[in-house]
Every structure is written in C-alpha cells, then in structure tokens.
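Colleague: Can you walk me through this one? I'd like to go through a few spots and ask as we go.

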Amino acid sequence: MRKFKEIISVALVYIFLFTISGFSPGAVSDNSEVYIGGQAFGVRFYANGAMIIKLESYYDGEKYVCPAKDGGLKVNDIIKKVNNNEISTNEELKSEIEKSNGNEISVEIERNGKIENKSVLPIKNTVGVYLLGAWVRDSCAGIGTMTYYDDNNNYFAALGHGICDCDTSALLPLKSGETVQAEISGIEKSVCGKAGSFSGYFTDVQLGNLSVNSPLGIFGDLTNDNYKNNKKYQIANNDEVKTGKATMITTLNGNTPQEYEIEIKRICNHDRTSNENFVIKITDSRLLENCGGIVQGMSGSPIVQNGKIVGAVTHVFLNNPKEGYGVFAQYMAEYYNNQH
C-alpha cells in the first residue's frame with residue numbers, strides 16, 4: 001500500500017465560480033433515509049483531458065518562447081485532442097508534440113464549458129525536444145470523508161465540495177475514478193494560518209466508482225455494502241437546520257468513525273450552488289486536542305442535528321481553524337438527483 005497525504009483542500013484559499021444549469025430545487029422527500037458516512041476513503045481521480053495548470057517560457061537557443069501562449073492557450077484550458085487524437089494523459093500529449101516534428105498542431109480545448117480549436121507551433125528547446133511551454137495535470141489522489149450512502153438509489157456522496165486542481169483551483173473534469181477504504185495513521189494539527197491534514201493509507205477494499213465531480217461534492221455508484229453497518233438517518237430540509245449544538249462524525253484513527261460535538265454558529269445563505277451554507281465551530285475537546293480544529297481530510301464529514309443529517313464539513317478558516325463552513329445535505333442530494 002502506498003502512503004498519501006490528502007491533496008483535496010478544505011482550506012479557504014479557493015474561490016469557486018460556477019453555474020448549474022437545468023437545476024430544479026425542491027424539498028427532500030420526508031421518506032428519504034440514507035446510511036450515515038464518516039469513514040475515511042481514498043480517491044484515485046483521472047481527468048477527462050489534460051488541464052493546463054501553468055504556462056512557462058523556455059529558451060530555444062536564441063530567445064525565450066512559449067508556443068502555448070502564442071497559440072492562444074490559457075491556464076485552466078482542458079486539452080481534449082491534438083491533431084484529432086484524444087488526449088487523456090500527459091504521456092499522450094507529449095507523444096503528439098514529439099510527432100509534430102516542428103509542424104503546427106491542431107489543439108482542441110474545452111474552455112469555460114465550450115469547445116474551441118487552436119493552432120500551436122511546437123518549438124525545440126536547447127536539447128532538441130519539442131515543447132509547448134505548458135504544464136498539465138491529468139490525475140490526482142487523496143483522502144476525504146464519506147457523507148452518506150443512499151442504498152435506494154445506489155450511490156454515495158462525499159467531500160461536500162469538488163476535487164479541484166491544487167494549483168489553479170479549477171474543478172477537474174472527471175473521466176473516471178474510484179474510491180477505496182483508507183486507514184488514518186496520523187494527523188498534522190491545524191494552527192492559525194495553516195490547515196493541518198490527515199495522513200493515511202489506501203487499502204485494497206474498493207468502495208465504489210466516481211460518476212460526478214461537482215462543486216457540491218463527489219458522487220458515485222456503490223460496489224461495497226459495508227456501509228449497512230452504519231445508522232440510517234433522514235436528510236434534513238435546509239429550513240430545519242438551526243444554530244446550536246450538533247454532532248460531526250469523522251475518523252481520526254484507523255477506519256472507525258466517531259461522533260464529536262460541534263456548534264452551528266450561523267446560517268450564511270440558502271444558495272443551492274454554494275458549498276458554504278453555514279458556519280460550524282468545533283467544541284469537542286478531543287478534536288481540539290488531536291486536530292487543533294478542522295483539518296484537511298475532514299471534507300465530507302457528516303453533521304447531524306435533531307436526529308437528521310443536515311450537512312457536511314467543507315472548509316476550514318485559516319485564521320481560526322476551530323471554525324469552518326458546511327454545505328446543506330439537502331443540496332448535495334438534490335444536485336445528484338438532478339444529474340440522474
């Protein structure tokens with residue numbers, strides 16, 4: 001098993017700009033019951049294309065050049081095809097550039113949800129290798145927390161926010177991915193100015209396959225029924241969520257989740273496109289002692305109030321890691337249901 005530190009950030013360093021089309025908000029059914037999450041999981045994520053995360057000039061022997069920039073490519077563009085050949089990995093992109101032999105290549109990109117075509121002329125560097133002057137990312141891996149399992153519709157919900165590029169903050173386009181059981185083996189505590197994180201191990205126990213990467217969480221189908229040992233709760237409607245005491249369920253060691261006391265301090269908004277609907281404060285002495293508050297890896301930890309799942313943890317406040325944001329569970333469920 002390989003050891004990973006989580007790269008899915010819950011810190012308030014990212015700003016999401018997005019639009020959800022064809023969305024029909026509505027109350028969650030009173031009969032909607034799901035299994036509570038709280039278990040740590042590992043995710044292997046493969047992007048649908050190669051996302052440009054940085055443009056960088058290089059020396060061609062006479063001057064500094066950046067063919068990608070000259071060809072109209074930008075950071076966050078997703079390279080889908082080169083010369084009509086589909087691109088899914090860094091290696092495939094590199095191969096197409098090398099085959100150009102200095103000839104102009106046709107690059108199909110996705111930018112802000114729209115397909116565009118650009119012409120780019122690769123240029124040799126000082127060692128004779130054709131380059132574009134673009135850094136790209138095609139995959140990532142990390143640790144997060146399951147929010148709930150819906151056995152009636154055979155899907156899981158997790159994180160409460162999307163998987164974004166750690167350099168550009170852009171939502172990564174999902175091609176495929178899988179979730180596996182993770183074992184938490186250590187915690188770096190949060191301190192003012194820096195978010196801590198879980199560290200742990202991926203196991204060979206597969207939980208499911210990813211189907212949706214969205215601003216309100218990741219979702220996928222279930223391939224494992226271990227969740228049936230968990231309690232079942234109704235998903236609360238957003239107007240049922242109140243300020244006051246609540247419980248957060250998360251895993252600090254191994255793979256066994258526990259309940260911890262928190263406080264819902266403030267309801268921020270009822271925006272169905274936001275993953276920052278309310279503010280929570282950690283009050284449990286065990287969480288404060290072991291974690292310093294909220295840490296990376298707690299994303300998706302379910303929050304229970306008055307016997308219902310009301311939401312999930314999504315962010316930590318860097319200037320006060322005892323507090324952070326949560327997203328309404330109702331909005332997570334509605335998003336998934338409107339995609340299927």
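Colleague: What does the side chain of Asn 224 reach at 2.7 Å?

Modeller: The backbone nitrogen of Asn 226. Keep in mind that this is a predicted model.

Colleague: Which backbone oxygen lies 3.4 Å from a polar atom of that Asn 224 side chain?

Modeller: That of Gln 206.

Colleague: Where is Asn 224 placed?

Modeller: Asn 224 sits in the loop between β16 (217-222) and β17 (232-235).

Colleague: Is Asn 224 buried or exposed?

Modeller: Buried, because its relative accessible area is 16% and the cut-off for buried is under 20%.

Colleague: And which residues does Asn 224 touch, leaving out those up to four places away in sequence?

Modeller: Val 205, Gln 206 and Leu 207. Gln 206 is thus on the contact list and also supplies the backbone oxygen at 3.4 Å.

Colleague: Now the strands. Which way do β3 and β12 pair, parallel or antiparallel?

Modeller: Antiparallel, with 11 bridges between β3 (residues 40-55) and β12 (residues 134-150). As one example, Phe 45 has Cys 140 in β12 as its bridge partner.

Colleague: How many bridges join β3 to β14?

Modeller: Seven, and these two strands also run antiparallel; β14 covers residues 174-188. There, Gly 42 has Val 180 as its bridge partner.

Colleague: What about β3 and β6, how many bridges there?

Modeller: Two, again in the antiparallel sense, with β6 spanning residues 78-82. Met 51 stands opposite Ile 78 of β6.

Colleague: You mentioned Cys 140. How many disulfides are there in the structure?

Modeller: Zero, from a search of the whole structure. For Cys 140, the nearest cysteine sulfur belongs to Cys 166 and is 7.9 Å away. A disulfide would need the two sulfur atoms within 2.5 Å, so that pair does not qualify.

Colleague: Is Cys 140 buried or exposed?

Modeller: Buried, at a relative accessible area of 13%.

Colleague: And for Cys 268, which cysteine has the nearest sulfur?

Modeller: Cys 164, at 19 Å, and Cys 268 is in no disulfide either. Cys 268 is partly exposed, with a relative accessible area of 30%.

Colleague: Change of topic: charges. How many salt bridges does the structure hold?

Modeller: The structure holds 16. One of them joins the side chains of Lys 63 and Asp 60, at 3.5 Å from N to O. Lys 63 is partly exposed, at 46% relative accessibility.

Colleague: Which residue does Lys 194 form a salt bridge with?

Modeller: Glu 188, with the closest N and O atoms 3.0 Å apart. Lys 194 is partly exposed at 47%, and Glu 188 is partly exposed as well, with a relative accessible area of 28%.

Colleague: How far apart are the closest N and O atoms of Arg 286 and Asp 284?

Modeller: They are 2.9 Å apart, and the two residues form a salt bridge. Arg 286 is partly exposed, with a relative accessible area of 36%, whereas Asp 284 is buried at 7% relative accessibility.

Colleague: Last one. Which residues are linked in a network of salt bridges?

Modeller: Asp 77, Arg 111, Glu 116 and Lys 118 are linked that way.

Methods
Residues are numbered from 1 along each chain as its sequence is written. This is a predicted model: local features need pLDDT of at least 70, side-chain atom pairs count only at pLDDT 80 or more; totals for chains, interfaces and linings use all residues. Side-chain values use heavy atoms; hydrogens and water are left out. Two strands pair if DSSP finds at least two bridges between them. Helices (H or I, at least four residues) and strands (E, at least two) are DSSP runs, numbered from the N terminus. Buried means under 20% relative accessible area, exposed over 50%, partly exposed in between (1.4 Å probe, protein chains only). A polar contact is a pair of N or O atoms within 3.5 Å; within protein, one must be able to donate a hydrogen and the other to accept it, and residues adjacent in sequence count only if both atoms are side-chain atoms. Contact means heavy atoms within 4.5 Å. A salt bridge is a side-chain nitrogen of Lys or Arg within 4 Å of a carboxyl oxygen of Asp or Glu.
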